[in-house]
Amino acid sequence: MKKRVSKILWFGDALDENHQAIPPALSPSDEEHLQGLNIGEIYICVADADPALFIRTSADRIVYFKALDIEALSKFFIRKDRPDEAGFLIKFLGGLFSDYIQSMNFSSGALGEGFVIKVDSKTGKSYIEVDELSVRIKAMFSELEIKKLSYAGGNYMFTAAGMKCGKVEEHEDFWRCYLLVDDGETAIENPFNEGDQVRFQDFNIKPGVYENVSNRYYWRLCVGVGEDYIDLSKTDCDANSDIPQEGDSLVQLGNRTDKKRQNAITLSVYGDDAPSIHQYAGIDSYSMAGKEVTVISPQGNKFMGDFILKTGINIMTQFKILEDLIYSEISKVLDEIQAEDNYLYNSAFASNTNGWEAKNDIHFFTVNGKFLLVNGEFYSRKDAMAAVVRYGDRNVLRILSSGIKQSNADLANKPTYEEGEEPKKFFISFRYKVATAGTLTIGFPGQNLHFTEHLEPGEEYAMKEYSGTWDGTGDFELKFTGDIYIHSLALTDNAYEDMITKFETQLSQTNEKIEAVAERTSNLESKSAGWLTTADGVKIWAAAEFNDKGGEGNTKVSSLFNVSADKISLKSQHIQLEGVITANGNIKIHEDGSIECHNGSFTGDITATNGYIGAFKITQYGLENITSNPTARLRIGQNGGRFFEVNTTTNTMCGIRGDEMTALSLSAYGNHSIGVDIIAQAGFDTYAIKALGNVELNARSGESVRVNRLDAAGVSIGVRRLGVDTVGVPSSYTLEDTDDFVTYSNASPSYDPVLYLPSSAKLGKMVFVKNQLSRNIIVRGNLMNANDRGIKSETALNGVSSIYIFDGSYWVHFFCG
């Protein structure tokens, strides 16, 4: 479907089954031009899948542009599907139909700017508001309502000054306007100042028909002030300004240099947005452009400037609203010293001067015994004062040729010193703005922390800081001989720059996300936190950096909580969860730290000092079967034939099985080591070691197996069969520690073989030697005859057997025949 939105442009989003733009229908004739595209007309397909442009150039031809860039075309065509603007002049040769035409800078009211031509949506009546209207031929009014701008009538204006002009004298460069300041009963001081801009605006005609009539208006600079007159410049004025006349109501509106006289408030009872209140600031020329800061009207409200808390702290707030963005930012630099850090009491001057002694010399003006009220305040002359006043955007302390003092007893805090200890260094800091130059005196008289300085006027608040030692005695004084405004006064033991803390919050919303961020920064630490919400999930985060190492290597910590459609993740250096914690009904963490869960897989170290594992309790000794459960068992195994068990059966405490492998391997090294120490109390059917199957006890070379009080049956000894286990009989052989029975047989050597008995044998070593050869066997070693204890180094055995026992020095031999 296509919708015609102008004389030449058509828009649509129709696509075919391949998601391609469908060419527009063509009108059959000019009479049926609403049936489709006509010659010279353009159709734009705005579908995201295939943006395209079609132009009908002749009766049977359409030019097609594929992959249309809508935003690029917007640079050449004015959009009809959303608000748009053009940067060049547009001529509507055929005319223009509209119920609302307005200039870019339009604001309504007596001091407004720009123009508007519209049909009022509430009344249905047409309405025009302009600055100047010139009718060359004739102006016809069914009714002409005369309004004037006045400080006390018509559209009300509230400024620093306003009076009625009594008479006018013309001088060479100015007009002198005498003011009606004394009516015979009441004398009023001339409220105008040199440098003021004075404005008059009025109609001077009455109902009826007149020719060549116009409203009177002028806005001129006041170049001189007398007791009862002001001088208005002839040359320094707004364009088309008229000449002052007797009876004009003069209103001060702006000042060239004095910012305190550059503000105005209007209360409008007529105009497009009436009834309304408009506030203006910074009026220093004959233009009101950009001076409007506050509007309260039925057409809408507008507030600009700073938001002030009750305590006097200024919070700067900014809101931005764009096509797809809502953004707000609130920031505050907290340079107010916190009460717990300040040695002075009530030095913020948020609302009063409690705790301070102040000198004030103020004279109020009266008329017929009553106080004179001017601009909503009692009119007075202040010769000397020290009081909290509203100045600019906050409450401040104003000192005019006066001072304040806080006695030592009223101080919020005082330092304490040990006997002989030197006084510490302290800092006095404050923000100030001087209106009239003077001499400042501040601190504790007679102390090192006491200063005097001449201060000149300034446009903005400045920071001042003094430092010196203070012993905690004396009264604190603050005096100034001129006019000064002060806030953020502090007496601390830290420098001002160490006390600054900056706060900032941001909230932004687009069509894709909502994000909030809060930050706090000081010289000691920087912290921030926030949350981000998108269609993918929510992130909540917090981060901090502590200036504990002076810059590089500062301690940094952060935490992140991430929620998405498929998971929730939590990351932090420390995670603290309170209360009973459950997960899927399978795990529960109680407040005392105990855990209940089903199944588990653990890696790394596990340390337990109490509790149960199966039927075994964890005690100071390890695992104990304290319930004497006969079936409780610890089993470590690879398969059915390889395992280690504790409490194997009712008759076996420990069982080890290792099929086709070593079931138990014990090792002991070093002096006084014991591989196996077994104790079995002697008794009926009691054994220290009971073995089934072959048993082999071996000792390494130079070592031995020692069995004391051996009761053995079926013992086998080590047999060395020379001639049987060897190829022939060796010519010589040295006895080994595993040889218990040595035989010579099964050979007919041509030599007498030699058997060496080593002197390094173990004490008590015994060997039986049997000669079955037809030759002698020569036995050599340290030999001793058992019968006569004769000693020799060699003996011959011929067809006999002999037993040799080593006593540690000699082999004692016994002949066996």
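1. Two strands count as paired where DSSP finds at least two bridges between them. In this predicted model, that condition is met by β43 and strand β44 (residues 587–589), which pair in the antiparallel sense over 3 bridges, and within this pairing Thr 582 has Lys 588 of β44 as its bridge partner.

2. The pair belongs to an open sheet of 3 strands, ordered β43-β44-β45 with antiparallel pairing. Because β43 (581–583) and β45 (595–597) stand at the edges with a single partner strand each, one side of each is left without a neighbour in the sheet. Neighbouring strands of this sheet are turned against each other by 5 degrees on average, when direction is ignored.

3. Another open sheet is formed by 3 strands in the order β46-β47-β48, again with antiparallel pairing. Its edge strands are β46 (612–613) and β48 (622–624), each of which pairs on one side only. Strand β47 (residues 616–619) is joined to β48 over 3 bridges in the antiparallel sense, and Ile 618 stands opposite Leu 623 in β48.

4. A hairpin is formed by β39 and β40, with 2 residues between them. Strand β39 (residues 525–534) and strand β40 (residues 537–546) run antiparallel and are joined by 10 bridges; among the paired residues, Thr 533 has Val 538 in β40 as its bridge partner.

5. Turning to the interior, which residues touch the most other members of the largest nonpolar core? In this core of 29 residues they are Phe 430, Ile 442, Phe 476, Leu 478, Leu 489 and Leu 491. At least two residues of the core come from each of β31 (394–406), β32 (424–436), β33 (438–443), β34 (450–455), β35 (462–470) and β36 (476–492), and β36 gives the most, with 7 residues.

6. The surroundings of Ile 442 can be listed in more detail: leaving aside neighbours within four places in sequence, Ile 442 is in contact with residues including Ile 428, Phe 430, Leu 449, Phe 451, Phe 476, Leu 478 and Leu 489, and also with His 450, Tyr 466 and Glu 477. A second, separate core of 18 residues includes Tyr 733, Leu 757, Leu 773 and Leu 783.

7. The structure holds 19 salt bridges, one of which is formed by the side chains of Arg 176 and Asp 231 at 2.8 Å, N to O. This pair links distant parts of the chain, with Arg 176 in strand β12 (residues 174–179) and Asp 231 in strand β15 (residues 229–237), 55 residues apart. Are these two charged residues buried or exposed? Both Arg 176 and Asp 231 are buried.

8. Arg 256 and Asp 236 meet through their side chains in a salt bridge of 2.7 Å, N to O. Since Arg 256 lies in the loop between β16 (249–255) and β17 (264–268), while Asp 236 lies in strand β15, the pair ties together parts that are 20 residues apart in sequence. Arg 256 is partly exposed at a relative accessible area of 30%, and Asp 236 is partly exposed at 25%.

9. A salt bridge also joins the side chains of Lys 464 and Glu 453, at 3.0 Å, N to O. Lys 464 lies in strand β35 and Glu 453 in strand β34, so this pair ties together parts that are 11 residues apart in sequence. Lys 464 counts as buried at 15% relative accessibility, whereas Glu 453 is partly exposed, with a relative accessible area of 26%. Elsewhere, Arg 720, Glu 736 and Asp 739 are joined into one network by salt bridges that share partners.

Conventions
Residues numbered from 1 in each chain as written. Predicted model: local features only at pLDDT ≥ 70, side-chain atom pairs only at ≥ 80, totals over all residues. Heavy atoms only, no water. Helix = DSSP H or I, 4+ residues; strand = E, 2+ residues; numbered from the N terminus. Axes fitted to C-alpha atoms, helices over the stretch in contact; angles between N-to-C directions. Core = buried A, V, L, I, M, F, W, Y, C linked by side-chain atoms within 4.5 Å. Buried < 20%, exposed > 50% of the residue type's maximum accessible area, 1.4 Å probe, protein only. Contact = heavy atoms within 4.5 Å. Salt bridge = Lys/Arg side-chain N within 4 Å of Asp/Glu carboxyl O.
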